[in-house]
Amino acid sequence: QVQLVESGGGLVQTGGSLRLSCARSGRTFTSYTMGWFRQAPGKEREFVAAITWSGDTYYADSVKGRFTMSRDNAKNTVYLQMNALKPEDTAVYYCAAGRGFSDSAMDYWGKGTLVTVSS
């Protein structure tokens, strides 16, 4: 079993920054692809970013150049540094672990952390 716990969400003004963390416990961490997804009110959950076991990163076009994902295998933690935040980034952000980059490829999910960007 794998447990994922997100933290770092909150309220920030447009143009501000936040860093989300996702702490993982349970089975071996390094072999999973880790991802961040988000769900805005009234919308479907969408892919934000992912990092493979080898450290390759992938981003949604909407966050490319503003968000950076990283992982610390020694701490079993992944991070999402979010800069230049926009109101449209407001959502519940979920950490996930799995085999790919899509929603269906993820095997484990955290409960989410709320990010609110005020205009």
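Is R38 buried or exposed? In this predicted model, R38 is buried, its relative accessible area being 5%, and the residue belongs to a network of salt bridges that also links E46, R66 and D89. The briefing below starts from that network, then turns to the nonpolar core, to an open sheet of four strands with the order β1-β3-β8-β7, and finally to the pairings made by β11, which runs parallel to β2 and antiparallel to β9.

**Salt bridges**

- Side chains of opposite charge can pair when their charged atoms come close, and the structure holds six salt bridges.
- One of the partners of R38 is E46, with the closest N and O atoms 2.7 Å apart; E46 is partly exposed at a relative accessible area of 36%, whereas R38 counts as buried because its value of 5% falls under the 20% cut-off.
- R38 also forms a salt bridge with D89, where the closest N and O atoms are 2.9 Å apart, and because D89 sits in the loop between β8 (77-82) and β9 (91-98) while R38 sits in strand β4 (residues 33-39), the pair ties together parts that are 51 residues apart in sequence.
- D89 is itself buried, with a relative accessibility of 0%.
- R99 and D107 meet through their side chains in a salt bridge with an N to O distance of 2.9 Å; here R99 is exposed, at a relative accessible area of 58%, and D107 is partly exposed, at 35%.

**Nonpolar core**

- The largest nonpolar core comprises 29 residues, and those with the most contacts inside it are M34, W36, M69, L80, M82 and Y93.
- Two or more residues of this core come from each of the elements β1 (2-7), β3, β4, β5 (46-51), β7 (67-72), β8, β9 and β11 (113-118), and the element that gives the most is β9, with four residues.
- M69, named among the residues with the most contacts inside the core, points to the buried face of β7 together with F67 and R71, while T68, S70 and D72 point to the other face and are not buried.

**The four-stranded open sheet**

- The strands of this sheet follow the order β1-β3-β8-β7 and pair in the antiparallel sense.
- β1 and β7 each have a single partner strand and stand at the edges, so one side of each is left without a neighbour in the sheet.
- Neighbouring strands are turned against each other by 15° on average, with direction ignored.
- The antiparallel pairing of β7 with β8 extends over six bridges, among them those that set S70 opposite Y79 and T68 opposite Q81.
- The hairpin of β7 and β8 has four residues between the strands, and N76 takes a positive phi near 50° there.

**S21 in strand β3**

- S21 lies in strand β3 (residues 18-26) and counts as buried, because its relative accessibility is 16% and the cut-off for that class is under 20%.
- Leaving aside residues up to four places away in sequence, S21 touches V5, E6, S7, W36, T77, V78 and Y79.
- Two of these contacts recur elsewhere in this briefing: W36 is named among the residues with the most contacts inside the largest nonpolar core, and Y79 is the bridge partner of S70 in the pairing of β7 with β8.

**Pairings of β11**

- β11 has a covered face formed by T113, V115 and V117, and an uncovered one formed by L114, T116 and S118.
- Strand β2 (residues 10-13) and β11 pair in the parallel sense over four bridges, and in this pairing V12 stands opposite V117, a residue of the covered face.
- β9 and β11 run antiparallel and are joined by three bridges; V92 stands opposite L114, which belongs to the uncovered face of β11.

Notes. Residues numbered from 1 in each chain as written. Predicted model: local features only at pLDDT ≥ 70, side-chain atom pairs only at ≥ 80, totals over all residues. Heavy atoms only, no water. Buried < 20%, exposed > 50% of the residue type's maximum accessible area, 1.4 Å probe, protein only. Contact = heavy atoms within 4.5 Å. Salt bridge = Lys/Arg side-chain N within 4 Å of Asp/Glu carboxyl O. Core = buried A, V, L, I, M, F, W, Y, C linked by side-chain atoms within 4.5 Å. Pairing = 2+ DSSP bridges. Axes fitted to C-alpha atoms, helices over the stretch in contact; angles between N-to-C directions.
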